[in-house]
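Hello,

I am passing a structure on to you, since you have not worked with it before. Please open it first, and then read on at your own pace.

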Amino acid sequence: MHPSSVHIWRRPLAALSLLALAACGNGADNDTADQANMAETARKLALETIIVDGHIDVPYRLNRNWVDVSTAAPDGDFDHPRAEKGGLNAPFMSIYTPAEYGDSQKATDHANAMIDIVERIVSEAPDKFAIAKSVAEVQAITDAGKIALPLGMENGSPINGSLDLLKHFHDRGIRYITLAHSKSNHLSDSSYDPERQWDGLSDFGRTVVQEMNDLGIMVDVSHLSDKAIEDVLETSRAPVIASHSSVRAFTPGFERNLSDPLIKAIANKGGVVMINYGSAFVTARANGYRPARTEAYMTYLDREGLDDTQKVREAFEKRYREDNPYPYADISDVVDHIDHVVDLVGIEHVGLGSDYDGVGDSLPTGLKDVSSYPDLVERLLGRGYSEEDIKLILSGNALRVWQQVETIAAEAQADAA
């Protein structure tokens with residue numbers, strides 16, 4: 001259940017060679033036919049396979065501006081028609097709480113309100129959506145032709161120091177918790193926060209991880225500092241997930257992404273790394289865009305003798321983007337991250353965590369909304385991945401980890417009985 005060694009899987013060279021040969025020597029008609037066949041294979045595979053996306057920020061988006069996502073929505077990255085077109089049928093709804101709420105009753109109330117939003121989505125379209133609280137429910141809901149909506153809590157601050165609240169959120173359907181977000185909280189240090197008050201997990205954070213194992217809640221290490229991730233792996237009896245993290249090798253110095261040693265450690269624990277699509281997570285060029293803009297802005301304020309106000313900042317950023325267009329990543333860059341994890345630790349330890357509705361307009365070309373999973377599958381086929389391997393990436397790996405977490409919790413509850 002928790003392998004001590006990692007099986008290394010590599011894309012079959014024969015498949016890659018055949019694809020290259022088809023692209024080079026069989027003429028334009030054959031190339032067009034081959035491409036059409038691959039696109040159709042990809043579409044069928046996406047529509048016939050459960051697709052688990054580890055992180056989609058629909059609730060927070062609807063909290064700011066409610067729209068009916070059971071029909072075509074005028075904006076955002078997710079709605080039912082686009083999800084159906086893309087084959088997405090098990091997106092984890094992010095129950096996100098802003099870090100500035102701190103460890104407080106406000107944070108707890110906000111998390112409950114985000115769950116209320118998902119329940120409203122379901123209550124207004126029960127023929128299209130249902131909340132999933134287990135792997136078995138994901139299967140049953142998708143078998144019934146509905147979209148399963150499992151819940152993942154992004155930021156552990158709503159627990160607010162209480163194991164009773166942890167149990168409360170489990171009862172409401174939370175099946176993973178990202179222990180911290182952009183600031184350190186009472187559980188863990190954050191990769192974004194220079195203040196490392198715990199040098200990893202707090203003592204209570206370790207207790208929460210153990211209780212999550214007992215309840216059957218997956219531990220999510222996205223957003224955590226490197227040391228906190230190491231502490232999680234040391235503390236947890238169950239495999240862990242990174243619900244929406246990419247590979248640091250492509251974005252050197254960006255701690256929010258995972259280093260190769262941490263990817264290996266997560267894999268050795270039996271876990272899964274779910275790749276974030278955001279351009280700043282995917283390429284160094286996009287990752288450096290915002291820091292470069294901030295530096296240019298500070299220089300501008302100093303040169304012009306201006307104060308930092310929202311009006312001044314927004315006007316500067318508009319001009320800056322006109323003069324320096326945002327360097328969007330491409331779908332092929334996202335596949336590069338998948339390749340990297342597979343080549344490093346094996347096909348069994350990678351999945352998808354798009355961060356749709358959570359990364360604004362920074363999504364890569366070719367992956368702009370939830371209708372695009374067939375396009376990603378087509379790229380994977382083109383890289384030589386087999387259909388069975390693609391099924392592992394789409395959902396098999398994530399569901400395996402979730403099932404293992406459920407099994408460990410059931411054993412703990414049986415022992416306590």
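Below is what I found, going from the whole chain to a few single residues.

Please keep in mind that this is a predicted model.

**The chain as a whole**

The protein chain has 417 residues, and its radius of gyration is 21 Å. A compact globule with that number of residues would be near 22 Å, so the value for this chain agrees with that expectation. If you would like a feel for the dimensions, the C-alpha atoms fill a box of roughly 70 × 65 × 45 Å along the principal axes. The chain contains 17 helices and 10 strands.

As for the inside and the outside, 55% of the residues count as buried. The accessible surface is about 17100 Å², and carbon and sulfur atoms make up 50% of it. Among contacts between residues at least 6 apart in sequence, 72% join residues that are at least 24 apart. The chain carries 39 positive and 65 negative charges, and the mean positions of these two groups lie 2 Å apart.

**Around strand β5**

A good place to start looking is strand β5, residues 151–154. Which strands does β5 pair with? One is strand β2 (residues 90–96), which runs parallel to β5 and is joined to it by four bridges. Here S94 has G152 as its bridge partner. Another is strand β6 (residues 174–178), also parallel and also with four bridges to β5. In this pairing, M153 is matched with I177.

In a regular strand, side chains alternate between the two faces of the sheet. In β5, L151 and M153 point one way, while G152 and E154 point the other way. Are these residues buried or exposed? All of them are buried, E154 included.

**Strand β9**

Strand β9 (residues 272–275) is covered on both faces. V272 and M274 lie on one side and V273 and I275 on the other, and all are buried. Strand β8 (residues 241–242) pairs with β9 in the parallel sense over two bridges, and I241 stands opposite V272.

**A residue in helix α17**

Finally, have a look at Q404, which sits in helix α17 (residues 387–416). Why does Q404 count as buried? Its relative accessible area is 12%, and buried means under 20%. Q404 and Q210 are 194 residues apart in sequence, and their C-alpha atoms are 15 Å apart in space.

Enjoy exploring it!

Best wishes

Key: Residues numbered from 1 in each chain as written. Predicted model: local features only at pLDDT ≥ 70, side-chain atom pairs only at ≥ 80, totals over all residues. Heavy atoms only, no water. Rg over C-alpha atoms; globule rule 2.2 N^0.38 Å. Buried < 20%, exposed > 50% of the residue type's maximum accessible area, 1.4 Å probe, protein only. Contact = heavy atoms within 4.5 Å. Areas by Shrake-Rupley, 256 points an atom, 1.4 Å probe, with all protein chains shown as cover. Lys, Arg positive; Asp, Glu negative; His and termini not counted. Charge placed at Lys NZ, Arg CZ, Asp CG, Glu CD. Pairing = 2+ DSSP bridges.
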